[in-house]
Amino acid sequence: MAVLIEREDQLAILRTYFDESHDDRGRGVVVSGPAASGKTELLFAFAQEAAAFGAIVLNASALPSERNLPFGVLNQLLRSSRPNAAAAERVRRAMVLPDEADTADLGGEGAGGVPAQILYRVTMALLELVEQAGRPLVVIVDDAHFADLPSAMALHTLVERLRVRHAFLLALGESTHYSHAAPLFQGEPLPKPHCERIRLGMLSPEGTATLLARQMSARGAAERAAEYHALTGGNPLLLRGLMADSRTTTPGEVPPPVVGHNFSQALLDCVHRSPSPVISVARALAVLGESAEPVLVGQLADERPEVVSFAVTALREIGLVEDSWFRAPDAARIILNGMQPEARGATRTRAARLLYAEGEPSRIVARQLLGADVSDVENCAVAVLQDAADQSIAEGDIGPALRFLRMAQQIGGDEQVRAKTAAMLARAEWWFDPSAALRRACAMGDPDDDSGMPVTEVVVPLVPLMWFGELERADATLRRLERALPDMAPDLACNVHAFRLWRRYLYPGAQPDGPTAAELSADLLTDQVGDSARTMHPLRAVVLMTEALRRGAGQESVERAERILQEHRLNERTLSFLATAIIALIRHDRLASAARWCEGLVEESEAMGVPTWQAVYSALYAEIALRRSDLPTAERFALRALTLLEAKSWGVAVGLPLGTLLEANAAMGNLEEAVKHLRTPVPDAMFQTPFGLRYLLACGRYHHANGQFHAALEDFSAIARLTDDWGLELPVLFPWRIEAAHASLKLGRSREARELAEAQLRLSGVESYRSRAAALRVLAVQRAPEDRLTPLREVVTMLRGSEDRLEYAAALTDLGMTLYALGRDGEAQAELRRAHRVTRQCGAEEPPRTLVHHPGKSGSPLLSRETVRETQLSEAELRVAVLAAQGMSNRQISGSLHITVSTVEQHLTRVYRKLEVSRRTDLPLAMDMNCLMT
C-alpha cells in the first residue's frame, strides 16, 4: 500500500464516506487540488483499501485527448473490474449512439452531441448496475476535469438520483485550475448532503522533511528540507524528481539538491498538466525574465489581466512560482527548452517587439532577438544589437556582445551597417580569440581608401594589426585616420593619438615616418590634443606612463601609477594603461605593490570571463613572481597565460609569458622542460618590440644555466645591438649587461665583465638596489679573496630584505665560498646553509649564476690524495664531488662529464655516505683539483 504524507486526514474522510455507503447511503466526493499535488496517489490508496474490504472498484482516468469521445470514461469504468455482467451489458447497449437520421425522435441534443434520450437510458442503466452490484460499489475517476461531457452528465445525474438503499461511493479527482471543466465538477454546485469536496495542498516543510527521510535518509533530512522545499514549494512530483537528481553514491545522508533531468521533466509535466492559459503565462514569464511585468506578460501570452492573475496564482499553488517569479533558478530555462523551436523563436520575436515598443534598454531587447527567427526580424533590429554589443563591450561583458553581433551579422543590412557590424565583431573577438580578430581585420577592405568604411570603424582593426605585427596595414590605417583628424570628434581623436603613440613605443625597431615617440608625447602633453579630449579618454595617462617607462621618473612615476590603478576599473578602454601602470611599478622595483594590484586585476578579469584579459594579467603576474624569486608561481601563471591564449594568438607579445616560463624553468633546473619552450615558434616582428628583448634575456639565462656561455653572450649582445639601434635604455627591465658580465666571467673575460658591471652601475640609478647589488657583486668577486669579503658582505646586506631572493642566495654563496678561501670554514658553512635554504624557498635546487667556485688558497679545507685514499672515493665519485662542491647542478655535472643525471645522483649518494655528510652544502667546497689527477 502506498505511504502517504500529510494526507492522513483526507484518507480518513474517504474511509468515513465509504463506511457510510455500507449503510445504504450513496455518497459522492471530489478530491481537488493543484496539478501534481498527490490526488492520484490518494485515490489509489483509497481504492486499495476499499477493494480489501470487499467493494467492487471501478477505475477510470480521463485524458485530454479523449474529452470529445462520448462515454469514453464510462467505457473505461466498465472494463476496469467485474460488475454485474448483465447490468454492465445493458449500460453498454444504452451508450450505443444512433445514426444522425435517427436522432430526431430521441428528444434532441442533451450533452456533448449525445441525444437527451440516450443520456437518460444510460443513467437508468447505471442506476440498475448500482442496485444489482450485490456489494458496495466504488467508482473512481481521476483527472475528472478531462472527462467527456456525456460521461460527466451521466455520473452527475446518478449522484442526484441515488436512493438511501444503494451502497455506492463516487470519488473524483480534479484539478482546481480547470475552471471551465464539466458541470459535475465545477460548473454546478455539488448535490448535498450526498457529495462533499476534499481539498489537497502542497507538502509543508515538515512534510518535505518526512518525504526526504523516508525515501533518502533520516540523517540530514530536517536540515536539508528547507532547501528542497524552496525549489519545489512542496510539490511531491517536483520533490521526487529533485531527489532522483540529487542522490549520491554515499548512503546515509541527504545531499544538497541538484537540478537535473528528472526535475526538469517533472517541472514540464506540472506545466503541461495545467490549463492552456497557465501554460501560456508560464512561457511568457520564462521568455520575458526580468522584464516580466503583468501587462507585458498578458500581451505576450495574449491573455486578459484577470486570466494572467489566475494563471500566476495557479503556478504559485503548483509550487513553481513564489511571489511573481519561479522558485527554481533553472525553471525558466527548462520551460523554454520544453517549447518547440519554432514556437520559441516566434515568442522571442514578439517579446522583442513588445520590449522595444516599451522603450526597454537595448540589451534587454537584444537578448530576446538572440532567440528569434532571423527571417522574421526587421533590419532595424541590427541597430539595437549593435548598441547592446557596444554597452556590453564597454562593461567587459564580451560573451553576450559577440552573440549580439553575430546575430546582427546574420540579419545583414546595407553596406555601411554590415561594415560597422564587422568592425565591432573584430573589436569583440579580440578579447576571446585575437587570431580571429586579425582575420576579420584583414578582410575589412583597403585601410588607405578614404572612400571606404567610416573612420569610426577604421580605428577598430588597429589593435589586432599592431598585436600581430602587421605594420604595413596598421600604418596605412593610421595615415587615413591622421588625414581625418581635423574633422574628427574629440573622443575618437584621442583614440587615434593613443594608437599613434603606442605604435611608436611598441615598435621602436620599425619607426614610421613623422614625429618620434618623444616628440609626439611632448606635443600631446602640451595640450595639442585639448583639455576636453584628455578628460574623456585615458590618453594622458598613457603618455605619462610610457614616458615614465622610457626615461624613468622616480617616485613621481610610482605615485602616478598607483593613482591610475586606484582610480580606474578594468574595462575595454582601461586594459592597456592599467597594464602599463603595472609595468611602471615593475620598472621601479615596486614588486609588492605591483603584485597586489596585478592579483586584483587577474581576479577581476576572471570574473569577467575574458580570456585575453586574463592571459595578459596572468603573464604580468608571472613576471612579477619571477622577479620576486617565486619560481613555481611564475611557472604556473606563465603556463596559465599560454593556456588561456595559445602562443600563436599572443602575436608579438608572446615574448612576455614565454620568456618568463623559459627563465623560471631554467632557474629551477628544469632544463629539459625549458628547451621545449625554447622550441616554441615566435614571430619575427617580436624582435622589433620590447617583448623581443624580454625573450632574448630569457634565452640568454637559459643558455647560461645550461653551461652554453658563448650562446648566452650572443643573446645578450643581440639585446645590446637592438637597444642601441632604438635609442632605448631600460637597465632595470632588461639588465643584459649584468647577465653578459656573468657569462664573460665564466669565459675568463674579466675586463669585459668589469666594464659591463660598471656601466650597469652608472645606468641603474640610486633607487634600483637590485641592479646595483648585482653589479657590485660582479665587481667584488674579481678581487682577491681577502679584498672581496667586505664588498660581498655589503651586497648581502643590500639584498637581505629584498624580493630578489635568488640574487640574495647567489651573493650568500659567493660570500661562503670566499670565507672558505680564507680558511673560515664555520662561517662559510653557515652562509652556504643559508643560501641553500633561501634557494629551496624560491623553488630552485641551486642558486643560479654564482660567481665564486675555486677559492684557490692553501688554507682552505682540501681533499688530498691521502683523504681520497682514506675515504675510498673512486675517481668517478671524486670528479662528481668536486664539481658539486663548486656549485654545479646535477644536470650541469651530467653535461660536463658526459654521464646521465641518474649516474650523477648515484655517485653523490655514495660520496655523502663515505664523507659522512647529508647534503651538497656540507661537502668540503674547496676541493683540491689536483685530486682529479692520478
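Contact here means that heavy atoms lie within 4.5 Å of each other. The views below come from a predicted model, in which local features need pLDDT of at least 70 and side-chain atom pairs count only at pLDDT 80 or more, while totals for chains, interfaces and linings use all residues. Residues are numbered from 1 along each chain as its sequence is written, and side-chain values use heavy atoms, with hydrogens and water left out.

**View 1. Surroundings of Ile582.** Leaving aside neighbours within four places in sequence, Ile582 is in contact with Leu565, Ala594, Trp597, Cys598, Leu601, Leu620 and Ile624.

**View 2. Packing of helices α39 and α40.** Helix α39 (residues 750–764) and helix α40 (residues 769–780), both being DSSP runs of H or I with at least four residues and numbered from the N terminus, pack at an angle of about 155 degrees with their axes 9 Å apart; the axes are lines fitted to C-alpha atoms over the stretch in contact, and angles run from 0 to 180 degrees between N-to-C directions. That makes α39 roughly antiparallel to α40, a term for angles over 145 degrees. Among the residues that meet are Ala757 and Leu761 in α39 and Ala775 and Leu779 in α40.

**View 3. Two residues with positive phi.** Phe71, although not a glycine, has a positive phi of about 65 degrees, and at 1% relative accessibility Phe71 counts as buried. Asp143, also a residue other than glycine, has a positive phi near 50 degrees, yet Asp143 is partly exposed, with a relative accessible area of 24%. Buried means under 20% relative accessible area and exposed over 50%, with partly exposed in between (1.4 Å probe, protein chains only).

Terms used. Helices (H or I, at least four residues) and strands (E, at least two) are DSSP runs, numbered from the N terminus. Angles under 35 degrees count as roughly parallel, over 145 as roughly antiparallel, 65 to 115 as roughly perpendicular and the rest as oblique.
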